[in-house]
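Subject: A structure to look through, with notes

Dear colleague,

I am passing a structure on to you, together with some notes that you can read beside it. Please keep the view open while you go through them.

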Amino acid sequence: MSQPATEWRFIRAFAAHFARCGLHEGEKVALLSESQSRHALVETARLAAQSLGGRVFDIVVPTPPSAHPVPIRSTGASQAIAHHDAVIAALVHSDLVIDCTVEGLLHSPELGRILGGSARVLMISNEHPEVLERLGWDDDLPRRVALGHEWLKAASVLHASSDAGTDLTVQLAGGFSAGSTGLTDGPGSIAHWPGGLVLTFPAAHSVQGTVVLAPGDMNLTFNRLVESPVTLHIVDDHIEEIEGDGVDAILFRSYLSAFGDRESYATSHVGWGMNQFARWDSAQLFDKRETWGTEARAYAGNFLYSTGANETAGRFTAGHFDLPMRNCTVRLDDRVVVDHGVLAPELAP
Ligand SMILES: [Fe+2]
């Protein structure tokens, strides 16, 4: 029997989330995808939006040629629109853009223009629909994420540590911070689904210390659990040395060196996960092409350190690692927000 394009259970889960993002009868809904988009996501999104009475139209652009010596993953900076004025015009005049591009529009060069009109954008992570269905929803998540974000904005220093050896200090002044709830917030807003993340893009000259990736941590670019320790020595925002003998350290060094720049070694964003339904281990149950590994970016109590582009610090590159870590302690000044991988009670469900 052939595989169905989608399932009612997925459509129902997507429709429920679109409804949370305010999709209602008669809205103009642009379904943006590219030739390499996950077919099941696009089909599920289309039917779900239609089920709510959305006036759906498709914009499908060709996936652009690879511009890099290695595959690019989890940058959130889709290049698929390629500054196409007609595409941008259609998106600007929509009420809701459902973003099914592979990398997503979050950091795409056209996002500012798209959000300058009446549209709000819901970026759907490039996951198997089963992941998005399983994660479900917690009505209290937006409040908890907002609280964590308030704490982050009010703090001066973020410090992360672990028994494995992580000891990282991030000065927060001048950084750009955000709390990802998963929900759009009216015209001109963008949301990333699934939500449950608080993070900051630190200003230049703010990050110093050591990050140790331990077994069970994840490198989202490889969509692979770390199996052998990798020690990153970070000086003035940049990884100066990658220590480790295992294949994880070898891959780390090899991939970043492919870009031939210094920015790939710099700090992109730093934060922690808050989604209690997301799991660190679930991607291991799928073939690699079936998921994007982004569920691991949001699981509750992870410490997320990322390398690569950071607009706030004026650094641009396509090299990007999201590195969610387990069993870390994260402090904002004297306040513990994550204690050995467990969210502080105020932030927990
Ligand atoms: Fe990232």
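The notes below go through the domains, the two sheets, one residue and the core.

Before anything else, please keep in mind that this is a predicted model, in which local features need pLDDT of at least 70 and side-chain atom pairs count only at pLDDT 80 or more, while totals for chains, interfaces and linings use all residues. Residues are numbered from 1 along each chain as its sequence is written.

**The two domains**

The domain assignment divides the chain into domain 1 (8-124) and domain 2 (137-343), and such bounds come from an automatic or database domain assignment. Taken over C-alpha atoms, the centres of domain 1 and domain 2 are 25 Å apart. Where they meet, 25 residues of domain 1 are in contact with 22 residues of domain 2, a contact being a pair of residues whose C-beta atoms, placed from the backbone, lie within 7 Å. On the domain 1 side, the elements that give two or more residues are helix H1 (8-20), helix H4 (111-115) and strand S4 (120-124), and the largest share, five residues, comes from S4. Helices (H or I, at least four residues) and strands (E, at least two) are DSSP runs, numbered from the N terminus. Sorted by class, this side of domain 1 has 15 nonpolar, seven polar and three charged residues; here Ala, Val, Leu, Ile, Met, Phe, Trp, Tyr, Cys and Pro count as nonpolar, Asp, Glu, Lys and Arg as charged, and the others, Gly among them, as polar.

**The sheet of eight strands**

Eight strands form an open sheet with antiparallel pairing, in the order S14-S13-S10-S6-S5-S18-S19-S20. S14 and strand S20 (342-343) stand at the edges with a single partner strand each, so one side of each has no neighbour in the sheet. Two strands are said to pair if DSSP finds at least two bridges between them.

Starting from the S14 edge, strand S13 (residues 230-235) is joined to strand S14 (residues 238-243) by five bridges, with Leu-232 standing opposite Ile-242. These two strands form a hairpin with two residues between them, and Asp-236 in the turn has a positive phi of about 50°. S13 is also joined to S10 by five antiparallel bridges, in which Leu-213 has Val-230 as its bridge partner. S10 in turn pairs with strand S6 (residues 167-171) over four bridges, and there Leu-168 is partnered by Gly-209. Elsewhere in the sheet, strand S18 (residues 328-332) and strand S19 (residues 335-339) are paired over three bridges, with Val-338 as the partner of Val-330.

Helix H7 (residues 247-257) lies across strand S10 (207-213), S13 and S14, and runs at about 145° to S14; axes are lines fitted to C-alpha atoms, for helices over the stretch in contact, and angles run from 0 to 180 degrees between N-to-C directions.

**One residue in S13**

Is Thr-231, which is found in strand S13, buried or exposed? Thr-231 counts as partly exposed because it has 17 C-beta neighbours inside 10 Å; a residue is buried if 20 or more other C-beta atoms, placed from the backbone, lie within 10 Å of its own, exposed if 12 or fewer, and partly exposed in between. Leaving aside neighbours within four places in sequence, the contacts of Thr-231 include Gly-165, Thr-210 and Glu-243.

**The sheet of five strands**

A second open sheet, also antiparallel, has five strands in the order S7-S9-S15-S16-S17, and its edge strands are strand S7 (176-180) and strand S17 (321-325), each of which pairs on one side only. Within this sheet, strand S9 (residues 197-201) and strand S15 (residues 267-273) pair over four bridges, and Val-198 stands opposite Trp-272. Helix H6 (residues 141-154) lies across S7 and S9, running at about 165° to S7.

**The core**

The largest nonpolar core has 87 residues, and among those with the most contacts inside it are Leu-31, Ala-49 and Phe-303; such a core is a set of buried Ala, Val, Leu, Ile, Met, Phe, Trp, Tyr and Cys residues joined through C-beta atoms within 7 Å. Its largest share, six residues, comes from H1, and the core draws at least three residues from each of domain 1 and domain 2.

With best wishes

Conventions:
Contact = placed C-beta atoms within 7 Å.
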